[in-house]
Amino acid sequence: MNKPLRRVAIFCGLLVLSLLIRVNWVQFVQADELKNDTHNRRVAIERYSQPRGNIIVDGKAVTGSTTNESGDFKYKRTYKDGPMWAPVTGYASQAFGSNQLEKLNDSILSGTDDKLFFSRTVDMFTGEKQKGGDVVTTLNAKAQKAAYDGLGKSKGAVAAINPETGAILALASTPSYDPSTFAGMSDKDSKAYNGLLKKNNPDDPMLNRALRQTYPPGSTFKVVTAAAALENGLYTDINAKTDSPLPWYLPDTAHQPLNNEGNIPCENASLKEALRWSCNTVFGKISADLGNKKMKAEAEKFGYNNPEVDTPVRAAESVYPTDNRPQNAMAGIGQASNRATPLQMAMITAAIANGGKLMKPYMVDQLVAPNLNVVQQHTPEAMSQPLKPENAQKLQEMMEGVVKNGTGTNGQIDGVTVGGKTGTAQHGENNKDNPYAWFISYAKTSKGTPVAVAVVIEGSDTLRGDIAGGKLAAPIAKKVMEAVLDGKK
């Protein structure tokens with residue numbers, strides 16, 4: 001072979017070799033990347049060629065699938081009582097992706113998860129199409145309905161937890177939205193989705209207020225301040241007088257008084273009476289006496305300042321600030337820069353009700369394969385121990401006094417021991433906006449403490465003078481607790 005032909009042959013050989021290398025690279029190295037590429041329409045067509053697995057509550061699906069009227073995608077997502085369950089399920093849209101449980105458990109629901117390998121292998125031999133698995137939640141349908149109906153047209157949220165396990169029983173947020181309205185790809189779906197965005201809808205219905213919105217917790221935070229006083233030995237007897245003069249002035253100010261709401265007996269009041277009447281002066285001074293470092297440390301034991309509270313949907317971080325002395329005193333009564341999610345306040349209540357042990361909140365109990373085999377089972381897990389058992393018992397006595405003959409009497413349930421705390425948190429510059437109304441509570445029976453609840457009303461049609469946690473939020477919490485208790489009979 002002459003020299004020019006040899007060069008051509010070598011060049012052609014190198015071209016063939018490079019093509020072989022490239023083909024193998026695409027087939028074996030880039031296979032997963034290409035398979036999951038959002039521009040690979042064949043993957044999307046295959047994805048929507050069969051019904052999606054379901055999200056289960058109390059043994060029943062709150063999701064479903066229906067056939068599309070047109071287009072390449074055969075099935076799209078549907079929701080039963082969509083607005084009620086949206087804070088739990090999130091949405092799954094062909095055009096706009098997914099969020100919350102729909103997103104976090106997408107591989108199970110779509111049937112692509114490695115945990116479903118056995119089920120997929122069987123389907124391959126039987127010739128059946130790939131099926132999605134189910135996500136079994138911890139939610140209580142009756143409690144969720146009580147929470148959603150109780151909020152009604154108000155802007156607010158409810159979070160309810162089983163204190164003994166951390167299982168989330170209710171997670172409601174209003175105003176809400178129906179994820180079914182934009183599950184497809186039509187112009188109608190796009191219009192519905194864009195109409196829900198905050199820039200087009202100031203009510204922000206797609207905001208999960210139970211998990212993702214923080215509020216000043218107001219007087220409900222006084223249970224944490226009381227816990228800090230007990231844990232740090234500032235006070236040990238909840239019936240003994242405290243060192244709480246009237247008037248009491250914020251530290252490092254020009255005699256700026258911290259006032260109480262109304263004419264209530266707060267001068268040197270005991271911890272029990274101070275919580276019963278919700279004395280700002282007593283708890284503001286406790287926060288000042290303990291100092292910011294100890295107050296912050298106690299709040300963090302309850303879950304504050306933790307950016308990774310996953311349910312598995314991640315909650316917004318509740319914040320107890322590093323602050324100066326007067327601001328720390330205000331934070332000790334749930335004002336200033338103190339911010340908490342409804343979930344956080346339910347966690348605090350649950351820890352007190354559970355003998356001082358905080359269980360990690362969760363709302364997915366099982367992942368189930370299409371053949372009904374459980375491929376993942378959640379195990380309850382302790383998160384922290386904010387209170388010694390004896391101090392938790394003292395706080396329970398204090399909170400039960402609030403409901404028995406204090407500001408929380410609207411939370412009473414016949415034949416059941418209820419502990420609670422009301423809260424009315426300032427809102428807006430110079431408190432010009434309607435305040436937030438809070439109520440936290442737990443219900444205790446001879447068989448245990450199956451539920452702790454936090455309710456916040458962010459906005460309502462109620463006249464400003466009538467807005468108070470005991471009036472607006474306590475009746476909702478009561479209905480949620482009753483719904484859970486009804487299932488325990």
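**Figure 1. Strand order in the open sheet of the predicted model.** Five strands, arranged as β2-β1-β7-β13-β14, make up an open sheet of mixed pairing. Strands β2 (60–61) and β14 (374–377) occupy the edges; each has a single partner strand, so one side of each is left without a neighbour in the sheet. Strands of a sheet pair through backbone hydrogen bonds, in either the parallel or the antiparallel sense.

**Figure 2. Pairing of β13 with the edge strand β14.** Strand β13, which comprises residues 364–368, runs antiparallel to β14, and the two are joined over 3 bridges. Within this pairing, glutamine 366 has glutamine 377 of β14 as its bridge partner.

**Figure 3. The disulfide between cysteine 266 and cysteine 279.** A search of the whole structure yields 1 disulfide. The sulfur atoms of cysteine 266 and cysteine 279 lie 2.1 Å apart in this link. The two cysteines are 13 residues apart, and the pair links distant parts of the chain. Cysteine 266 belongs to the loop between β11 (257–258) and α12 (271–277), whereas cysteine 279 belongs to the loop between α12 and α13 (280–290). The angle about the S-S bond is -85°, and the link is left-handed. Cysteine 266 and cysteine 279 are both buried. A disulfide is a covalent bond that connects the sulfur atoms of two cysteines.

**Figure 4. Surroundings of cysteine 12.** The relative accessible area of cysteine 12 is 39%. Cysteine 12 is therefore classed as partly exposed, as this value falls between the 20% limit for buried residues and the 50% limit for exposed ones.

Notes: Residues numbered from 1 in each chain as written. Predicted model: local features only at pLDDT ≥ 70, side-chain atom pairs only at ≥ 80, totals over all residues. Heavy atoms only, no water. Pairing = 2+ DSSP bridges. Helix = DSSP H or I, 4+ residues; strand = E, 2+ residues; numbered from the N terminus. Disulfide = S-S within 2.5 Å. Buried < 20%, exposed > 50% of the residue type's maximum accessible area, 1.4 Å probe, protein only.
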